[in-house]
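Student: Could you give me a close look at one part of this model, and then show me how that part sits in the rest? I would like to follow the reasoning step by step.

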Amino acid sequence: RYLMLCACNRVSLTMLGHYDISPQHIAGALLGRAYSGVTGLSLGFGIAMGIPPLVSHNHSRGANDQNGWVLRPCLKAMAGAFGLSTIAATSSGFVLVALGQPAGVV
């Protein structure tokens, strides 16, 4: 999955560079990709990567009925990460301009 995500990212940036030669648009796309990777993807992937070892441990000891104990807190953490990512995405323009990014790039 991650390979496909990276491949789609590269293809979209390549197409952007091919059809739109404006350096500001390319810089804005790269900045947006980096911002979304830090605020959204890293949180979501980090939480999701914690599930399989716990579920596998429950399965190996014959306690599959306890997998819900793992999934419910994970869903709560994912909901919190989604909320944080949504806030970060909606405030990204203001935050990046306040940190000194040119308005043409944001």
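Tutor: Let's begin with some words we will need: a residue is called buried when its relative accessible area is under 20%, exposed when it is over 50%, and partly exposed in between. Please keep in mind that this is a predicted model.

Our starting point is Ser 56, which belongs to helix H3, residues 51-60. With a relative accessible area of 45%, Ser 56 falls between the two cut-offs, so it counts as partly exposed. From Ser 56 we can step to Asn 67: the two are 11 residues apart along the chain, and their C-alpha atoms are 9.1 Å apart in space.

Asn 67 belongs to helix H4, which covers residues 67-90. Is Asn 67 buried or exposed? Its relative accessible area is 14%, which is under the 20% cut-off, so Asn 67 is buried. Which residues touch it, once neighbours within four places in sequence are set aside? They are Val 55 and Asn 58. With Asn 58 there is also a polar contact, side chain to side chain, at 3.1 Å.

Asn 58 leads us on to Arg 61, which sits in the loop between H3 and H4. The side chain of Arg 61 makes a polar contact of 2.9 Å with the side chain of Asn 58. A further polar contact, of 2.6 Å, links the side chains of Arg 61 and Gln 66. Arg 61 has a relative accessible area of 46%, so it is partly exposed. Put together, the side chain of Asn 58 has a polar contact with Asn 67 and another with Arg 61.

Now let's follow H4 along its length. This helix has 24 residues, and from its first C-alpha to its last it reaches 34 Å, close to the 34 Å expected at 1.5 Å a residue. Its buried residues are Asn 67, Val 70, Cys 74, Ala 81, Ser 85 and Ala 88. A general point helps when you read such a list: an α-helix has 3.6 residues a turn, so residues three or four places apart point the same way. What covers the buried residues of H4? The cover includes H2, H3 and helix H5, residues 92-98.

Ser 85 gives us a view of the cover from H4 itself. Its relative accessible area is 15%, and because that is under 20%, Ser 85 is buried. Not counting residues up to four places away in sequence, Ser 85 touches Thr 39, Gly 40 and Leu 43.

Helix H2 runs over residues 23-48, so its 26 residues should span 38 Å at 1.5 Å a residue; the end C-alpha atoms are 35 Å apart, which agrees. H2 also has a kink of about 45°, and the centre of that kink is Gly 37.

Also in H2 is Ile 47. Leaving out residues up to four places away in sequence, Ile 47 touches Cys 74, Ala 77, Met 78 and Ala 81. Two of these, Cys 74 and Ala 81, are on the list of buried residues in H4. Ile 47 and Ala 77 are 30 residues apart in sequence, with 7.3 Å between their C-alpha atoms. Is Ile 47 itself buried or partly exposed? Its relative accessible area is 24%, which is not under 20%, so Ile 47 is partly exposed.

Finally, let's step back to the whole protein. How many helices and strands does it have? The count is five helices and zero strands. The C-alpha trace spans about 60 × 30 × 15 Å along its principal axes. A compact globule of 106 residues would have a radius of gyration near 13 Å, whereas this protein has 19 Å. Buried residues make up 15% of the 106 residues, and Asn 67 is one of the residues that are buried. Of the contacts between residues at least 6 apart in sequence, 55% join residues at least 24 apart. The accessible surface comes to about 7,500 Å², and 72% of it belongs to carbon and sulfur atoms.

Terms used. Residues are numbered from 1 along each chain as its sequence is written. This is a predicted model: local features need pLDDT of at least 70, side-chain atom pairs count only at pLDDT 80 or more; totals for chains, interfaces and linings use all residues. Side-chain values use heavy atoms; hydrogens and water are left out. Helices (H or I, at least four residues) and strands (E, at least two) are DSSP runs, numbered from the N terminus. Buried means under 20% relative accessible area, exposed over 50%, partly exposed in between (1.4 Å probe, protein chains only). A polar contact is a pair of N or O atoms within 3.5 Å; within protein, one must be able to donate a hydrogen and the other to accept it, and residues adjacent in sequence count only if both atoms are side-chain atoms. Contact means heavy atoms within 4.5 Å. The expected span of a helix is 1.5 Å times one less than its number of residues. The bend at a residue is the angle between axes fitted to the seven residues ending there and the seven starting there. The radius of gyration is taken over C-alpha atoms; the globule rule is 2.2 Å times the number of residues to the power 0.38. Accessible areas come from the Shrake-Rupley method with a 1.4 Å probe; for residues, only the protein chains shown count as cover.
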